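This report describes how two protein chains meet and which charged side chains pair within and between them. Please consult the sequence and structure below while reading.

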Amino acid sequence: MSESLNFHYDVDGENFVSAGQASVELKKMLRRLGLPPDTIRRLSIAMYEGEINMVIHAGGGAADVEVYEDKVVIRLVDHGPGIADVELAMQEGYSTATDSVRSLGFGAGMGLPNMKRYTDEMSIDSVVGEGTTITMTVYINQ
Amino acid sequence: MTVRELQETFGFGVVAMPQPDRTVSGGYVGDLLSWVMGRAQADQVWITIMSNVNTVAVASLSDVSTVLLAEGVTLDEELVRTAEEKSVNVLCSDLSAFRLAALLGPAV
């Protein structure tokens, strides 16, 4: 079975108030599909961190979620500035967020590490000046 | 212990309590949201002074059983509605995060 249910979410780059909307929608949808609570939690947090990153750094973007029988794949696409040094960006505590973002509780340099922590596979495809695509996979019942 | 029992036992204020029967098991203290998402576990009480809209989102996504706002912090009215809509419990107290953790440590 390679058929999947596909869902698309647009992430508004302008405000932190609506940031998280896509993650909350995703969480509700995964609940309706009856996925295990821990799987839902991991996917929702990974999605939220991705969403926040797109709002903070890229002026928004889009998320596509594919739900298969044995796994869920999230693809986050933005046309922001790109990540110059992916290895550095993956280090816990490294952040380029502004002070105003930090005052909201973000910018701890844990976003990308959390996305990796909560997913089984994660790949970052980024070109400076063009944008970033992040693909994350979580296997169900593993 | 349930969220309602926690609230009653320690006399915490109720900001929103849409799910009073959720079980509280352990806790986490922190204000940096990604740190909380990376470290807090489902069903814990999350003690924080961060009280913007993202607090409610992070509580919902992390599956903590309740937020406990320390130092007399509270949510504005619109956020209270958001918390209720998202089934996020939010309690409050005038005590510091340090005092609250010391108080709740043996109980949950």
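A:Asp120 is partly exposed, with a relative accessible area of 37% (buried means under 20% relative accessible area, exposed over 50%, partly exposed in between, with a 1.4 Å probe and protein chains only). This residue forms a salt bridge with A:Arg42, a salt bridge being a side-chain nitrogen of Lys or Arg within 4 Å of a carboxyl oxygen of Asp or Glu. A:Arg42 counts as buried, at 14% relative accessibility.

The model is predicted: local features need pLDDT of at least 70 and side-chain atom pairs count only at pLDDT 80 or more, whereas totals for chains, interfaces and linings use all residues. Residues are numbered from 1 along each chain as its sequence is written, chains are lettered from A in the order in which they are written, and side-chain values use heavy atoms, with hydrogens and water left out.

**Salt bridges**

Over all chains, the whole structure holds 8 salt bridges. Among them are the following.

| Pair | Closest N to O |
|---|---|
| A:Arg42 and A:Asp120 | 3.1 Å |
| A:Arg117 and A:Glu92 | 3.2 Å |
| A:Glu92 and B:Arg39 | 3.8 Å |
| A:Arg31 and B:Asp63 | 3.9 Å |

A:Arg31 lies in helix 1 (residues 21-32) of chain A and B:Asp63 in the loop between helix 3 and strand 4 (66-69) of chain B, so their salt bridge joins two chains. Helices (H or I, at least four residues) and strands (E, at least two) are DSSP runs, numbered from the N terminus. A:Arg31 counts as exposed at 53% relative accessibility, while B:Asp63 is buried at 15%. A network of salt bridges links these two residues with A:Lys27.

A:Glu92 is partly exposed, with a relative accessible area of 45%, and A:Arg117 is likewise partly exposed, at 36%.

**The contact between the chains**

Chain A and chain B each give 22 residues to the contact, where contact means heavy atoms within 4.5 Å. The area buried between them is about 1,800 Å², with carbon and sulfur atoms giving 55%; buried area is the accessible area (1.4 Å probe) that two parts lose on being put together, summed over both. In chain B, the residues that lose the most area to chain A are B:Ser34, B:Met37 and B:Leu61, together 34% of what that side buries.

Between chain B and chain A there are 3 salt bridges. On the side of chain B that touches chain A, helix 2 (33-39) and helix 3 (53-62) of chain B are the elements giving two or more residues. Helix 3 of chain B gives the most, with 7 residues.
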